[in-house]
Amino acid sequence: MTVLDRMPANDLTARIVDGPGGYSGVDGDEEWAAEVRRLADLRGATLLAHNYQLPAIQDVADHVGDSLALSRIAAEAPEETIVFCGVHFMAETAKILSPAKTVLIPDQRAGCSLADSITADELRAWKAEHPGAVVVSYVNTTAAVKAETDICCTSANAVEVVASIPEDREVLFCPDQFLGAHVRRITGRKNLHVWAGECHVHAGINGDELADQARTHPDAELFVHPECGCATSALYLAGEGAFPEDQVKILSTGGMLDAARETGARQVLVATEVGMLHQLRRAAPGVDFQAVNDRASCRFMKMITPAALLRCLVEGADEVDVDPEIAKRARASVQRMIEIGQPGGGE
Ligand code: SF4
């Protein structure tokens, strides 16, 4: 008897609708959560959810975290099947670190505008223009780009990764221009070339909005993710005294959760994707967390709907595969990242 024979289609499964924006038709209620847990057990699967996922998906998962932390959990989990509720490059990273496991993503159309802002061909052409340069890529990249990369980095260790490279070597930094600008400012490095890629969500959080928020919430702390277009503005505003320097914290998503538990502030403004608010509010229920821009929602992350997760568990799809040779080279660049400083967890 196969797993599917033991999964009779029920009313919930019959309601799933596939459309251009993803799978819909199913509410993330208690009945759905019980069915998801039952199917995950039948498949012997562990469910991982990124911090930017819908609250219902976060609540039904076995583990919630940032991309690198989840990839490490995937590698260590005893289960042979990993269901990765996040965007495609994240599921690829889990596959790179756990090549023997089956990795499923509830909707393989969930891409990432930042990862898509550089292809392996474009990176090869850029390298050809700068022979001998060291390539540093943020983890939000495809497996094919990681395979062309010398060292991957997260927002938490990007500065240390670049500082570990001899001063006289050129550095190519991709794909995030805001993280690249942050690294260039901190290291003062002139031979660091930055790819002009961006995430449409983080780029949508701008300095004007931040300045307004700073004026109207003078006692609040400010948590900024360095991929945000506003990171530079936040530091500038702090330098100008508009936002007291000790109230501004530039943090990876994992760092935000630690800071949330430790903060003495009653209100915290958060400059990153709005899904992060759910985990922050759970981590520190007594603190009032507010989004700097409540429209900063990643439509790719939100393609992992209750309907998509249900379909994934019933059909065992979509499976994520990475060519073994690409995976081997990509794994080496991810491994170097883990050896340098405290990589945190990426986005
Ligand atoms: S928020 Fe931006 S960087 Fe993150 S997955 Fe969405 S598009 Fe990619």
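**Close-up views of a predicted model**

**Figure 1. The buried side of helix α4.** In this predicted model, helix α4 has S67, L68, A69, L70, S71 and A74 as its buried residues. The elements that cover these buried residues include strands β3, β4 and β5 together with helices α5 and α13, the last of which comprises residues 253-262. As general background, an α-helix has 3.6 residues a turn, so residues three or four places apart point the same way.

**Figure 2. The open sheet of four strands and the helices packed on it.** The strands of this open sheet follow one another in the order β4-β3-β5-β6, and their pairing is parallel. Strands β4 (63-65) and β6 (102-104) form the edges, each of them pairing on one side only. On average, and with direction ignored, neighbouring strands of the sheet are turned by 25° against each other. Helix α4, residues 67-76, packs on this sheet and touches β3, β4 and β5, with a direction that makes about 170° with that of β3. Helix α5, residues 88-97, likewise packs on the sheet, where it touches β3, β5 and β6, and its direction makes about 155° with that of β5.

**Figure 3. The pairing of strands β3 and β5.** Five bridges join strand β3 (residues 45-50) to strand β5 (residues 81-85), and the two strands pair in the parallel sense. Within this pair, A45 stands opposite T81 in β5. In a regular strand, the side chains alternate between the two faces of the sheet.

**Figure 4. Strand β13 and its pairing with β11 and β14.** Strand β13, which runs over residues 267-271, is mostly covered, since four of its five residues are buried. Strand β11 (residues 221-224) runs parallel to β13 and is joined to it by four bridges, and V224 has A271 in β13 as its bridge partner. Strand β14 (residues 288-291) also pairs with β13 in the parallel sense, again over four bridges; here V268 stands opposite F289 in β14.

**Figure 5. The surroundings of L280 in helix α14.** L280 lies in helix α14, which comprises residues 276-283. With 23 other C-beta atoms within 10 Å, L280 is buried. When its neighbours within four places in sequence are left aside, L280 is in contact with M256, L257, A260, V270 and F289; of these contact partners, F289 is also the residue of β14 that stands opposite V268. The C-alpha atoms of L280 and C85 are separated by 19 Å, and the two residues are 195 residues apart along the chain.

**Figure 6. The shell of residues around the ligand.** Among the 14 residues around the ligand, those that come nearest are C112, L114, C199, V201 and C298. By residue class, the shell around the ligand divides into eight nonpolar, four polar and two charged residues.

**Figure 7. The whole protein, as a setting for the close-up views.** The secondary structure of the protein comes to 16 helices and 14 strands. Its radius of gyration is 20 Å, close to the 20 Å that the globule rule gives for 347 residues, so the protein is as compact as a globular protein of that length. The C-alpha trace spans about 65 × 50 × 35 Å along its principal axes, and 50% of the 347 residues count as buried. Of the contacts in the protein with a separation of 6 or more, 67% are accounted for by residues 24 or more positions apart.

Key. Residues numbered from 1 in each chain as written. Predicted model: local features only at pLDDT ≥ 70, side-chain atom pairs only at ≥ 80, totals over all residues. Near = placed C-beta within 6 Å. Nonpolar A, V, L, I, M, F, W, Y, C, P; charged D, E, K, R; others polar. Pairing = 2+ DSSP bridges. Axes fitted to C-alpha atoms, helices over the stretch in contact; angles between N-to-C directions. Contact = placed C-beta atoms within 7 Å. Rg over C-alpha atoms; globule rule 2.2 N^0.38 Å. Buried ≥ 20, exposed ≤ 12 C-beta atoms within 10 Å, placed from the backbone.
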